[in-house]
Amino acid sequence: MKKRLILSIFIILLSVSLLVIISTSGVKAYKIRKREWYIKNVNPNIRIEVINASGVKGLARKVTVLLREEGFDVIYYAHIDSTIEKTVVVERSDSSLTHARHLAKWLGVKEIALEWDFDKISDCSLVIGTDFRRYFPGIDTIDLIY
């Protein structure tokens with residue numbers, strides 16, 4: 001009788017463990033497919049300019065490479081001499097802030113602003129501040145090869 005009880009408990013625990021593993025892997029697969037869909041279908045439609053206001057030379061180019069790997073259309077990058085503390089995503093073409101919200105969510109940036117680009121060259125700008133390590137950990141140690 002004890003052996004049956006122990007065996008029943010073991011089978012129940014094994015079944016629950018398998019269900020947890022299957023559901024977890026299903027959720028992970030869904031997230032991966034969703035991310036890949038965004039990289040293929042949404043990100044290429046957002047034209048971004050990257051502006052380095054962190055004081056770290058070469059950061060705009062490194063961030064540009066990373067964003068392009070994520071499918072974004074980075075059309076321009078630059079370094080400016082002045083620095084800002086917080087990284088900001090600036091919407092340039094849509095009053096509903098669609099592009100800026102997507103990029104900000106993708107990167108985890110909290111600060112969003114609206115400033116029109118009447119030439120309609122870019123949809124949004126990423127202005128990198130001195131807090132860049134929060135959004136791009138280890139990027140200042142990466143060496144890019146041309």
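Read along the sequence, this predicted model follows the pattern α-β-α-β-β-α-β-β-α. In total, the protein has four helices and five strands. Its radius of gyration is 22 Å, well over the 15 Å that the globule rule gives for 146 residues, so the protein is more spread out than a compact globule. Along the principal axes, the C-alpha atoms fill a box of roughly 80 × 35 × 30 Å.

Some totals describe the chain as a whole. Of the 146 residues, 33% count as buried. The accessible surface comes to about 9,900 Å². Carbon and sulfur atoms account for 61% of that surface. Among contacts with a separation of 6 or more, 74% link residues 24 or more positions apart.

**The sheet**

How are the five strands ordered in the sheet? The order is S2-S1-S5-S3-S4. The sheet is open, and its pairing is mixed. Strand S2 (73-79) and strand S4 (111-114) stand at the edges. Each has a single partner strand, so one side of each is left without a neighbour in the sheet. From one strand to the next, the twist averages 20°.

Strand S3 covers residues 88-91. S3 and S4 pair in the parallel sense, over four bridges. Within S4, Ala113 is the bridge partner of Val90.

**Helices on the sheet**

H3 packs on the sheet and touches S1, S3, S4 and S5. The direction of H3 makes about 160° with that of S3. H2 lies across S1, S2 and S5. H2 runs at about 170° to S2.

Which elements do the buried residues of H2 pack against? They meet S1, S2, H3, S5 and H4. The buried set in H2 is Leu59, Ala60, Lys62, Val63, Thr64 and Leu67. In H3, the buried residues are His99, Ala100, His102, Leu103, Ala104 and Leu107. An α-helix has 3.6 residues a turn, so residues three or four places apart point the same way.

**The cores**

The largest nonpolar core has 22 residues. Those with the most contacts inside it are Val50, Val63, Leu67, Val89, Leu103 and Leu126. At least two residues of this core come from each of strand S1 (47-52), helix H2 (59-69), helix H3 (98-107), strand S5 (124-128) and helix H4 (132-135). Apart from this core lies another, of five residues. Its members include Ile51, Ala53, Val88 and Val127.

Leu103 belongs to the large core. Which residues does Leu103 contact, leaving aside its neighbours within four places in sequence? They are Ile48, Leu67, Phe72, Val89, Cys124 and Leu126.

**Two strand residues**

Arg47 lies in strand S1. At 28% relative accessibility, Arg47 counts as partly exposed. Leaving aside neighbours within four places in sequence, Arg47 is in contact with Asp73, Ile75, Lys120, Ile121, Ser122, Asp123 and Cys124.

Tyr77 sits in strand S2, an edge strand of the sheet. Is Tyr77 buried or partly exposed? Tyr77 has a relative accessible area of 39%, so it is partly exposed. Not counting residues up to four places away in sequence, Tyr77 touches Val50, Ala60, Arg61 and Thr64. Of these, Ala60 and Thr64 are buried residues of H2, and Val50 is in the largest nonpolar core.

The C-alpha separations for these two residues are listed here.

| C-alpha pair | Apart along the chain | Separation |
|---|---|---|
| Arg47 and Leu114 | 67 residues | 15 Å |
| Tyr77 and Ser125 | 48 residues | 9.4 Å |

**Positive phi**

H2 and H3 are each followed by a glycine with a positive phi. Just after H2, Gly71 takes a phi of about 95°. After H3 comes Gly108, with a phi near 90°.

Leu97 has a positive phi of about 60°, although it is not a glycine. Where is Leu97 found? Leu97 is in the loop between S3 and H3. Its relative accessible area is 16%, so Leu97 counts as buried.

Notes. Residues numbered from 1 in each chain as written. Predicted model: local features only at pLDDT ≥ 70, side-chain atom pairs only at ≥ 80, totals over all residues. Heavy atoms only, no water. Core = buried A, V, L, I, M, F, W, Y, C linked by side-chain atoms within 4.5 Å. Buried < 20%, exposed > 50% of the residue type's maximum accessible area, 1.4 Å probe, protein only. Contact = heavy atoms within 4.5 Å. Pairing = 2+ DSSP bridges. Axes fitted to C-alpha atoms, helices over the stretch in contact; angles between N-to-C directions. Rg over C-alpha atoms; globule rule 2.2 N^0.38 Å. Areas by Shrake-Rupley, 256 points an atom, 1.4 Å probe, with all protein chains shown as cover.
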